[in-house]
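Biologist: I am new to reading models like this one, and I would like some help. Could you bring it up so that we can go through it together?

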Amino acid sequence: MKTAFLVLFLSLCIGCSGDSSSKPQHIGGRKSTTVPVSVATVVRKTVPVNLKTIGTVQPVASVSVLPQVDGELIGVHFLEGGEVHAGDILFTIDSRTYEAQWKQVKADLARNRAQLEHARKSAARYGSIVGKGAVAEEQYDQIVASVATLEAAVLADEAAVEIARIRLSHCTIRAPISGIAGGLKIHRGNLVKANDKERPLVTIHQIHPVHIVFSVPEIHLNDIQRRMTVRRLPVIGSIPGVDGLEQGELAFIENAVDTTSGSIGLKAVFRNSQNRLWPGQFVNVTMTLDLESDATVIPVQAVQEGQRGSFVFVVQQDHTVVDRSVYVRRILDGEAVIGEGLSPGEKVVTDGHLRLTRGTSVTVQEQGAVSYPGKGVQG
């Protein structure tokens, strides 16, 4: 038993006295272990001053197509969800009744015109002899009155013909605007009622161009108004989960601040040539207010948060790091604009922060000026 304990004791001693090269070496009482880090160079560049928010796509114009005459719907001449152009035939309504009415009032007009022509000739003939005593003045006055009556009848008939013609034309329903047709609400064979707002035939949205409406805090109102007097403000729309950007410009500022939310409504116009923006869709909106030149910029992953606020680790000439407080003015996609605390050309740690303290020696794995596109800025 004693022999077994002795063997176990010797084994533990040998294990504990392994190769000392794996331990950190101390030189002058200081560890020589270095920490591998990635760094980036502080740079100066021109960055946009943007406002970011979420907007909603709205059509420039939206029309609910209503029948203007009663009748049976006998034809549908478009595809649901398809593009239509102003003037295209969308529907036809049975026109036989309205065509008969039009012919009837045209016949009435022709009859009254003929009677008017005869009355005018009679009035001219009797007028030449009424002063000679051959015709009584009362008889002549009756002829003149009949002329006036028939003239009024002709005017009424002409109006009736025009009304009948318009009603007949309403049997062919055309697209009032160009746009995208929605779903068909009433199908062929059904009876339709004139101006039935509860049952529109179809709704057309005009999306070339299209509007995006959004709002920003009222604190930005003065800046927006001031810059709009100089130039149109560019607006970028991006669809979540979809590559590519849509370019537009600010077109409208609401005439009052929303007192419940403290925001001001804005509207931007987009050409939407590829039909990527769809009415009712939510999009990310970035409006560029200005361009800031000579801004001090670092990758956003270099910024750390501590009890004293934001700070970064700066790599010094002797390959040690020092923590330095910084003032971050705003955050871009992938980079931070620094107001105070850094100078161009300095190196800041972007990866490996967890093992760092003031004075830690580092080994740089990656370095060089890093430039990110900076698609947007949060005000």
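Modeller: Gladly. Let us begin with a term: a salt bridge is a side-chain nitrogen of Lys or Arg within 4 Å of a carboxyl oxygen of Asp or Glu. Please keep in mind that this is a predicted model.

Biologist: What is the general idea behind such a pair?

Modeller: Side chains of opposite charge can pair when their charged atoms come close. In this structure there are 17 salt bridges. One of them joins Asp323 and Arg308, whose closest N and O atoms are 3.2 Å apart. This pair links distant parts of the chain, 15 residues apart: Asp323 belongs to strand 18 (residues 321-325), while Arg308 sits in the loop between strand 16 (304-306) and strand 17 (309-315).

Biologist: Is Asp323 buried or exposed? And how does Arg308 count at 69% relative accessibility?

Modeller: The cut-offs help here: buried means under 20% relative accessible area, and exposed means over 50%. Asp323 has 17%, so Asp323 is buried. Arg308, at 69%, counts as exposed.

Biologist: Which residue forms a salt bridge with Arg324?

Modeller: That is Glu346, with the closest N and O atoms 2.9 Å apart. Glu346 is in the loop between strand 20 (335-340) and strand 21 (347-351) and Arg324 is in strand 18, so the pair ties together parts that are 22 residues apart in sequence. Glu346 is partly exposed, with a relative accessible area of 21%, and Arg324 counts as partly exposed at 27%. Elsewhere, salt bridges that share partners join Asp223, Arg226, Arg227 and Asp290 into one network.

Biologist: Where do Glu162 and Arg165 lie?

Modeller: Both are in helix 3, 3 residues apart, which is about one turn of the helix. Their side chains meet in a salt bridge, at 2.6 Å from N to O. Glu162 is partly exposed at 36% relative accessibility, and Arg165 is partly exposed at 38%.

Biologist: How many residues does helix 3 have? And what do its buried residues pack against?

Modeller: Helix 3 covers residues 137-169, which makes 33 residues. From its first C-alpha to its last it reaches 48 Å, close to the 48 Å expected at 1.5 Å a residue. Its buried residues include Ile143, Val147, Leu150 and Asp157. The buried residues of helix 3 pack against helix 2 (96-127).

Biologist: Now a sheet, please. What is the order of the strands in the open sheet of 4 strands?

Modeller: The order is 8-7-5-10, and the pairing is antiparallel. Strand 8 (172-174) and strand 10 (191-192) are at the edges with a single partner strand each, so one side of each is left without a neighbour in the sheet. Strand 5 (residues 71-76) pairs with strand 7 (residues 89-93) over 3 bridges in the antiparallel sense. Val76 stands opposite Phe91 in strand 7.

Biologist: Let us finish with one residue. Which residues is Val235 in contact with, beyond its neighbours within four places in sequence?

Modeller: Among them are Phe214, Glu246, Leu250, Ala268, Phe270, Val285 and Met287. Val235 lies in strand 12 (residues 234-238) and counts as buried at 1% relative accessibility. You can also look for Lys52: Val235 and Lys52 are 183 residues apart along the chain, and their C-alpha atoms are separated by 9.8 Å.

How values were computed:
Residues numbered from 1 in each chain as written. Predicted model: local features only at pLDDT ≥ 70, side-chain atom pairs only at ≥ 80, totals over all residues. Heavy atoms only, no water. Pairing = 2+ DSSP bridges. Helix = DSSP H or I, 4+ residues; strand = E, 2+ residues; numbered from the N terminus. Expected span 1.5 Å × (residues − 1). Buried < 20%, exposed > 50% of the residue type's maximum accessible area, 1.4 Å probe, protein only. Contact = heavy atoms within 4.5 Å.
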